[in-house]
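Reader: I keep hearing words like "buried" and "salt bridge" in class. Could you walk me through how such labels get decided, using one example?

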Amino acid sequence: MRLVWKLIIKHIRFSQLAGFILANVAGVSIFLLGVQFYRDVSPLLSGSTSLIGDDYVIISKKVNTIKSLNARRGNVFSPEEIEEIRRLEFVDEVGAFRSASFQLYGEVCLGETSLELGTDMFFESVPDGFVDCDMDRWRYEEGQRTVPIILPRSYLDLYNLAFAPAQGLPQITEGMAARMTLILHISGKKDDVLTGRLTGFTDRLNTILVPDSFLKYANSVYGYSPDVPPLRLILKVNSISDSELTSFMSSKNYYVAEGSDSASRVAVFLKTAVSIVSLVGLIICAVSLFVLVLSTYLIVEKNLAMHENLLRIGCSPLDMTKPYMAVTGTANLIACALSLVLVITARSIYLDRLAAFLKGHPADGLTELYAVAAAVLICSTAIAVIAVYRKISSI
């Protein structure tokens, strides 16, 4: 095959080969960087390190003028609708919000500051599996006079940053709030006075939560309507970035709570952006590979007679393809190696910026990056070799 090697060395332009390598480096680098960047930021979009929360979505029906006149019927979720949502592939669990059907007035007493405040209140509950607190403190037994309560952390922030300064009242820490005594005045079919115990604060649900077992019991004892249809649902989904989730909510005209909706949109946008960038990288790779194959074709065409003679004297098409395989493989190997160097360097730069968010949860290693680079190298080389082999076999 020395003749074929001499042909390649004589006719191939090394400047053209260098151009192919540089173009391939650009394409492979863009593709690998997109893949690795998405891998590195994925923990920020889902799981315990998520910047946009766990994969929980709160939905309700959009309110219009006619339905608002009879909200208990017009905007509630029917059992059929709940079952339809439960059967969706991307939904793991569905929980219904239970609302209190009685009136409630709460008084807050804090002995250390002699602070007394009172206001009308409301209670809601969800199944215990959706509540992020200690279940031992959250448990309620029928007839118990003390009710566990969870408040949104935003309520405490609003009090400390807006209400307290305006009214000349002292600010309250979470520790102080936990020692508060809540007096709950219930009015309904039956009046009663209970004691509330603040169990904790939540960032997941923007409502005043009590155990579902208590609210079910209280509605039956004090409420005007023991079984209030749900106006809101909480869903645990496989991935909040699933495009099917957004499509389904839009098709049903369901309203998604602002935090959950933003999370879904951010994740979908990131996936789309990474896909576009990776596609651009693959297109550049394909164009550069086409140029290399075209150059090889020209070498074969220019020396068609010699290739015919080599085939006549017993050289197989595979043997004649091996020198081209070596050139193509070496060029692709150099391109992939340079691309890996560039991607690893760029990754070290952006990981410094993500370090604060990934604290305690280090980014994954580079095993998958090497695997993808190897796959790109094998595929591009195989495509070029097959094309040349078919060309030589057709002589």
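**How the labels are earned**

Author: Let's start with a charged pair: Arg87 and Glu83 have side chains that meet in a salt bridge, at 4.0 Å from N to O. Keep in mind that this is a predicted model.

Reader: What makes Arg87 and Glu83 a salt bridge?

Author: The rule asks for a side-chain nitrogen of Lys or Arg within 4 Å of a carboxyl oxygen of Asp or Glu. Arg87 and Glu83 come in at 4.0 Å, N to O, and are counted as a salt bridge. As background, side chains of opposite charge can pair when their charged atoms come close.

Reader: Why is Arg87 called exposed?

Author: Exposed needs over 50% relative accessible area. Arg87 has 60%, so the label is exposed. Glu83 has 33%, so this partner is called partly exposed. Salt bridges with shared partners also join Glu83, Arg86 and Arg87 into one network.

Reader: How many salt bridges does a search of the whole structure find?

Author: Eight. One of them is Glu124 with Arg232, where the closest N and O atoms are 2.6 Å apart. That pair links distant parts of the chain, with Glu124 in strand 6, Arg232 in strand 10, and their positions 108 residues apart in sequence.

Reader: Is Glu124 buried or exposed, and how do you know?

Author: Buried means under 20%. Glu124 has a relative accessible area of 10%, so buried is the word. Arg232 has 22%, so Arg232 is partly exposed.

Reader: What about Arg153 and Glu174?

Author: Their side chains meet in a salt bridge too, at 2.8 Å from N to O. Arg153 belongs to helix 7 and Glu174 to helix 8, so the pair ties together parts 21 residues apart in sequence. Arg153 is at 24% and Glu174 at 37%; both labels come out as partly exposed, because that term covers values between the buried and exposed cut-offs.

Reader: Okay, on to rings. How many aromatic pairs are there?

Author: The count comes to eight. Take Phe77 and Tyr254, with 5.3 Å centre to centre and 65° between the planes.

Reader: Why is the pair of Phe77 and Tyr254 called edge-to-face?

Author: Two checks. To pair at all, ring centres must lie within 6.5 Å, and planes over 60 degrees apart count as edge-to-face. At 5.3 Å and 65°, Phe77 and Tyr254 pass both. Phe77 sits in the loop between helix 4 and helix 5, while Tyr254 is in strand 11, so the pair ties together parts 177 residues apart in sequence.

Reader: How do you know that Phe77 is buried?

Author: Its relative accessible area is 2%, and the limit is under 20%. Tyr254, at 7%, counts as buried as well.

Reader: Why is the pair of Phe248 and Tyr254 edge-to-face?

Author: The centres of those two rings are 6.2 Å apart and the planes are at 70°, so Phe248 and Tyr254 get that name. Both of these residues are buried. Zooming out, Phe77, Phe90, Phe248 and Tyr254 form one aromatic cluster.

Reader: What makes strand 7 "largely enclosed"?

Author: Five of its seven residues are buried, so strand 7 is largely enclosed by the rest of the structure. Strand 7 also pairs with strand 9, in the parallel sense, over seven bridges; the rule asks for at least two. Thr146 stands opposite Thr195 in strand 9.

Reader: And which residues make the nonpolar surface patch?

Author: Leu279, Ile283, Val287, Phe290, Val291 and Leu294, covering about 560 Å². Patch members need over 30% relative accessible area. Ile283, in helix 11, has 48%, so Ile283 counts as partly exposed.

Reader: One last thing: what is unusual about the phi of Asn253?

Author: Most residues other than glycine have a negative phi. Asn253 has a positive phi of about 60° although it is not a glycine. You'll find Asn253 in the loop between helix 10 and strand 11. With 45% relative accessibility, Asn253 counts as partly exposed, because the value falls between the 20% and 50% cut-offs.

Terms used:
Residues numbered from 1 in each chain as written. Predicted model: local features only at pLDDT ≥ 70, side-chain atom pairs only at ≥ 80, totals over all residues. Heavy atoms only, no water. Patch = residues over 30% accessible without salt bridge, like charges linked within 9 Å, V, L, I, M, F, W, Y side chains within 5 Å. Areas by Shrake-Rupley, 256 points an atom, 1.4 Å probe, with all protein chains shown as cover. Helix = DSSP H or I, 4+ residues; strand = E, 2+ residues; numbered from the N terminus. Buried < 20%, exposed > 50% of the residue type's maximum accessible area, 1.4 Å probe, protein only. Phe/Tyr/Trp six-rings, centres within 6.5 Å; stacked < 30°, edge-to-face > 60°.
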